[in-house]
Amino acid sequence: MANQEIARRIHLSTEVAHDGATGYPPGFDCTDELIGYVQLLQGCCCSYYEVNESNDLGRAYSEAFTRLNARSIKEVANGVLAGNAEDVVEFGMRFCTGSGGAEKNVATALSAWEHIVSPSSDMPPLSQPPSRRVLAIAYALQAKVYDDRAFVDITRGRLQISDLLRAAKAANAGAALGLVAPIVLRVAEYVATGPVPFRELPEFVGLEDMWRAWDRRVEEMAREQLVRDRKVARAPNAYRCAMKGCGIEGTKKAALMRCAGKCEGAYKPHYCSKECQKKDWKQHKPNCKPGVPSRAGSPFEDVTTRQDNDASPGRDPWDEHPLPQNPGRERVITVPAPGRPGQSFEIASSTMSSEMLKEVRDEIEKLSLDMGKF
């Protein structure tokens, strides 16, 4: 499955949760162009922390759709002619993705963003110097395009090292201006942990601002993982779906629904979805009584569990309570990293269904296998 199709499916999985809150604008359509535009907004135009805190893809798509329809490409072009730096950035984003009335032309987009970081006589002069934020965004957008180019032939085992270096230099420039956008961390991660130790090469060693941001993020992830591991160790059943082979975990207890039967406390299995409860019921049913351990882990006396009502007599526990599909109940699944043998990463979502997470995992696994053939 192409990356755009995976992104489309991820978006569609957020639709129910988002529509239930505020709804989408009239005429909303999740096109490839909109997906690309949202990827630029979230990957380059804000910091990693801002994206991590918002964690609402549905709203991101809705706002992007509204933004694109609020102004025509002609109006944006008029802003470029007037020397408005923000319009120059927007102009490039539309041409990069072919959205908002622009015909896709990545070269035009790069020229626009280059004009922000190094004004050219080929474009209308800027009315005033761009702000640090706009300048950093222009660098991040350049990094995104060069990063995409670096991996365009990766399925054939070919990495464009010159484009990877361009991406890293642009990411470093953006980080130096104080914007640690997700693309900065993505580029740094590959250079630091990819199959080739590029970080040790002289061309990459001197990118100090990018490495400072990356090393700080690595420390943060280590702390986050330590906290999570301690929680899981205290109550392993509460954080992992008990269905064998599922692979879904919760970052909080509220992410999974626990069995409503008579099995007790830390022995009680938790599930990511009603479907997993159904599949596991044949195995769990004989153990769904006081004092019998669940297969998901061993009991611990100090576990604190949520209080649920017992299942009604004669009814299967999975019939008693609907499983959560609400934003804020984040689940994660581990997937192989395409092009990085032996490495993996986690996909996290508070709105995607468990089935969608597993489908994305399966598609990425197929992609990884296909890449391994070259």
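## Working through salt bridges, a sheet and a pocket

Glutamate 224 comes out as partly exposed, at 43% relative accessibility. Keep in mind that this is a predicted model. Here are four exercises to try with the structure open.

**Exercise 1. Find the salt-bridge partner of glutamate 224 and work out whether that partner is buried or exposed.**

Step 1: Look for the partner. Glutamate 224 pairs with arginine 217, and their closest N and O atoms are 3.2 Å apart.

Step 2: Check that distance. A salt bridge needs a Lys or Arg side-chain nitrogen within 4 Å of an Asp or Glu carboxyl oxygen, and this pair has 3.2 Å.

Step 3: Classify arginine 217. The cut-off for buried is under 20% relative accessible area. Arginine 217 has 8%, so it is buried.

Step 4: Put the two ends together. The bridge runs from a buried arginine 217 to a partly exposed glutamate 224.

**Exercise 2. Take the salt bridges lysine 144 to aspartate 148 and aspartate 215 to arginine 199, and work out where the partners sit along the chain.**

Step 1: Start with lysine 144 and aspartate 148, whose side chains meet at 2.7 Å, N to O. Both belong to helix α8, and because they are four residues apart, about one helical turn separates them.

Step 2: Add the exposure. Lysine 144 is buried at 17%, while aspartate 148 is partly exposed at 39%.

Step 3: Move on to aspartate 215 and arginine 199, with 3.2 Å between the closest N and O atoms. This pair links distant parts of the chain, 16 residues apart: aspartate 215 is in helix α12 (residues 208–234), and arginine 199 is in the loop between α10 (182–193) and α11 (202–205).

Step 4: Check exposure again. Aspartate 215 is partly exposed at 32%, and arginine 199 is partly exposed too, at 28%.

Step 5: For the wider picture, the whole structure has 14 salt bridges. Arg67, Glu90 and Arg94 are joined in a network of them.

**Exercise 3. Work out the strand order of the open three-stranded sheet and say which strands stand at the edges.**

Step 1: Pair β1 (residues 249–250). Two bridges join β1 to β4 (residues 331–336), and the two strands run antiparallel. Glutamate 249 stands opposite valine 332 in β4.

Step 2: Pair β4 with β5 (residues 344–349). These strands are antiparallel as well, with six bridges. Valine 332 has alanine 348 as its bridge partner in β5, and threonine 334 has glutamate 346.

Step 3: Read off the order, which is β1-β4-β5. β1 and β5 each have a single partner strand, so they are the edges, and one side of each has no neighbour in the sheet.

**Exercise 4. Describe the lining of the second largest pocket: which residues lie nearest its centre, which elements contribute, and what classes turn up?**

Step 1: Get the volume, which is about 510 Å³.

Step 2: Go to the lining. It holds 24 residues, and those nearest the centre are Leu41, Cys45, Glu63, Arg67 and Met93.

Step 3: Place the lining on the fold. Two or more residues come from each of α2 (32–44), α3 (48–54), α4 (57–70), α6 (85–97) and α8 (132–150).

Step 4: Sort by class. The lining has twelve nonpolar, ten charged and two polar residues.

Step 5: Link back to Exercise 2. Arg67, one of the residues nearest the pocket centre, also belongs to the salt-bridge network with Glu90 and Arg94.

Definitions and conventions
Residues are numbered from 1 along each chain as its sequence is written. This is a predicted model: local features need pLDDT of at least 70, side-chain atom pairs count only at pLDDT 80 or more; totals for chains, interfaces and linings use all residues. Side-chain values use heavy atoms; hydrogens and water are left out. On a 1 Å grid over the protein atoms alone, a cavity is a set of points where a 1.4 Å probe fits but cannot get out, and a pocket is an open set with protein on both sides within 12 Å along at least five of seven lines; lining residues have an atom within 4 Å of a point. Grid points are joined across faces, edges and corners, and a volume is the space filled by probe spheres set on the points. Ala, Val, Leu, Ile, Met, Phe, Trp, Tyr, Cys and Pro count as nonpolar, Asp, Glu, Lys and Arg as charged, and the others, Gly among them, as polar. Two strands pair if DSSP finds at least two bridges between them. Buried means under 20% relative accessible area, exposed over 50%, partly exposed in between (1.4 Å probe, protein chains only).
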